[in-house]
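Here is a walk through one model, with a look at its charged pairs, its sheet and its core. Have the 3D view open as you read.

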Amino acid sequence: MSRNTNYANKGDTSPATRFFAVNPTDDTDQESDFRALFIGTGGNVVVTEKDGGDKVTYFNCYDGQILPVGGRRVEETDTTASNIVALV
């Protein structure tokens with residue numbers, strides 16, 4: 001049986017097809033906008049919106065949580081979570 005890997009109509013609720021390790025930074029956008037974050041080690045996560053607008057702090061994220069939030073940057077200042085992976 002062959003696997004169907006054709007994801008027609010890929011949208012915000014489709015499975016991620018790429019991922020990358022996040023290096024929180026206050027100055028540089030991530031390599032790509034992301035649709036969600038995997039939080040390896042819990043803590044607070046500060047995310048800049050995709051349009052470069054507001055920064056939002058998500059408090060008390062837990063180990064192994066999928067944070068279903070899109071953005072363009074994870075800020076270093078006030079982010080205490082670590083081992084973060086962006087899902088694209």
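Asp 29 is partly exposed, with 34% relative accessible area. In this predicted model, that residue takes part in a salt bridge with Arg 73, where the closest N and O atoms sit 2.8 Å apart. The two come from distant parts of the chain: Asp 29 belongs to the loop between β1 and β2, Arg 73 to strand β6, and their positions lie 44 residues apart in the numbering. Arg 73 itself is buried, at 15% relative accessible area, which is under the 20% cut-off for that label.

Asp 29 has another partner as well. Its side chain also meets that of Arg 72 in a salt bridge, at 3.8 Å from N to O. Arg 72 is in the loop between β5 and β6 (73-74) while Asp 29 is in the one between β1 and β2, so this pair ties together parts of the chain 43 residues apart in sequence. With 24% relative accessibility, Arg 72 counts as partly exposed.

Then there's Glu 75, which forms a salt bridge with Lys 55, with 3.9 Å between the closest N and O atoms. Here too, distant parts of the chain are linked: Glu 75 is in the loop between β6 and β7, Lys 55 is in strand β4 (residues 55-61), and they are 20 residues apart. How buried or exposed are the two ends? Glu 75 counts as buried at 3% relative accessibility, whereas Lys 55 is exposed at 54%.

These pairs don't stand alone. Asp 29, Lys 55, Arg 72, Arg 73 and Glu 75 are linked in a network of salt bridges, and the structure holds five salt bridges in total. Here are three of them side by side:

| Salt bridge | Closest N to O distance |
|---|---|
| Asp 29 and Arg 73 | 2.8 Å |
| Asp 29 and Arg 72 | 3.8 Å |
| Lys 55 and Glu 75 | 3.9 Å |

Back to the loop between β1 and β2, which also holds Glu 31. At 61% relative accessibility, Glu 31 counts as exposed. What does Glu 31 touch, beyond its neighbours within four places in sequence? The list is Arg 18 and Phe 20. With Arg 18 there is a polar contact, side chain to side chain, at 3.3 Å. As for Phe 20, its C-alpha atom is 8.4 Å from that of Glu 31, and the two residues are eleven apart along the chain.

Ser 32 is in the loop between β1 (19-21) and β2 too, but this one counts as buried, at 17% relative accessibility. Setting aside neighbours within four places, Ser 32 is in contact with Arg 18, Phe 20 and Val 88.

Now for the sheet. In what order do its strands run? Four strands make up an open sheet, ordered β1-β7-β2-β5, with antiparallel pairing. β1 and β5 (65-67) stand at the edges; each has a single partner strand, so one side of each has no neighbour in the sheet. From one strand to the next, the twist averages 25 degrees.

Strand by strand, β1 is joined to β7 by three bridges, and in this pairing Phe 19 stands opposite Leu 87 in β7. Between β2 and β7 there are five bridges, with Leu 37 standing opposite Ala 86 in β7. β2 also pairs antiparallel with β5 through three bridges, and there Leu 37 stands opposite Leu 67 in β5. So if you're looking for a handy landmark, try Leu 37, which faces Ala 86 in β7 and Leu 67 in β5.

Leu 37 turns up again in the core. The largest nonpolar core has 15 residues, and those with the most contacts inside it are Val 22, Leu 37, Ile 39, Val 45, Val 74 and Ile 84. Elements giving two or more residues to this core are β2 (36-41), β3 (43-48) and β7 (82-87). In soluble globular proteins, nonpolar side chains tend to be buried together.

Which residues does Val 22 contact, leaving aside neighbours within four places in sequence? They are Gln 30, Leu 37, Val 74, Ile 84, Val 85 and Ala 86. Among these, Leu 37, Val 74 and Ile 84 are also named with Val 22 among the residues with the most contacts inside the core.

How values were computed: Residues numbered from 1 in each chain as written. Predicted model: local features only at pLDDT ≥ 70, side-chain atom pairs only at ≥ 80, totals over all residues. Heavy atoms only, no water. Core = buried A, V, L, I, M, F, W, Y, C linked by side-chain atoms within 4.5 Å. Buried < 20%, exposed > 50% of the residue type's maximum accessible area, 1.4 Å probe, protein only. Contact = heavy atoms within 4.5 Å. Pairing = 2+ DSSP bridges. Axes fitted to C-alpha atoms, helices over the stretch in contact; angles between N-to-C directions. Salt bridge = Lys/Arg side-chain N within 4 Å of Asp/Glu carboxyl O. Polar contact = N/O pair within 3.5 Å; in protein donor to acceptor, adjacent residues only side chain to side chain.
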